[in-house]
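Visitor: I have not looked at this one before. Can you walk me through it?
Guide: Yes, here it is.

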Amino acid sequence: QNSLPAGSGKAGIEFQYRIRMDGGEVALCIRRDDVEESKRIFDSLAAKRDAIEQTFGDALRWKPSSQCGFKSNIKYVLPSGGLLDQDRWPQIQDRMIDAMVRLEKALKPEIQRLR
């Protein structure tokens, strides 16, 4: 398992830490049973992309379900530093935690506003 999920307060929407051999990422995954509802949620967040990215402090990767299968993702990729870099794990973890805190701060208010 290379991901660790955390709830967002809404069913079918979760934050995730993901680690690979050469890097990591933090993401918001939207995976509702109703594909149209998932699309509506993603589109609602994407409409506020500029404000969300400004609050986050960097550009995010926005992948609607049509680009990544059955779920939509909003993610931040942390290049360099992954499972292979054992001597840097503490720094990698700190960077991932910082990115997740910023991602949650940027997205959680918008998620709470969803119907």
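Visitor: How many helices and strands does the protein have?
Guide: There are three helices and five strands. Helices (H or I, at least four residues) and strands (E, at least two) are DSSP runs, numbered from the N terminus. Along the sequence the pattern is β-β-β-α-α-β-β-α.

Visitor: Where does this model come from?
Guide: It is a predicted model, in which local features need pLDDT of at least 70 and side-chain atom pairs count only at pLDDT 80 or more, while totals for chains, interfaces and linings use all residues. Residues are numbered from 1 along each chain as its sequence is written, and side-chain values use heavy atoms, with hydrogens and water left out.

Visitor: Ok. What is the radius of gyration of the protein?
Guide: The protein has 14 Å, which agrees with the value near 13 Å for a compact globule of 115 residues. That radius is taken over C-alpha atoms, and the globule rule is 2.2 Å times the number of residues to the power 0.38. The C-alpha atoms fill a box of roughly 45 × 30 × 25 Å along the principal axes.

Visitor: What share of the residues is buried?
Guide: Buried residues are 38% of the 115. Buried means under 20% relative accessible area and exposed over 50%, with partly exposed in between (1.4 Å probe, protein chains only).

Visitor: Let's pick one helix. Which residues of α2 are buried?
Guide: In α2, residues 49–56, the buried ones are I52, E53 and F56. Seen down the helix axis they fall within an arc of 95 degrees, so they line one face of α2. The arc is that of the directions from the helix axis to the C-beta atoms.

Visitor: And which residues are exposed on the other side of α2?
Guide: D50 and Q54.

Visitor: What do the buried residues of α2 pack against?
Guide: They pack against α1 (35–46), β4 (61–63), β5 (72–79) and α3 (89–113). Contact here means heavy atoms within 4.5 Å.

Visitor: Back to E53. What is its relative accessible area?
Guide: For E53 the figure is 15%, which is why E53 counts as buried.

Visitor: Which residues does E53 touch?
Guide: Leaving out residues up to four places away in sequence, E53 touches D58, A59, L60 and W62.

Visitor: What comes just after α2?
Guide: G57, which takes a positive phi of about 100 degrees.
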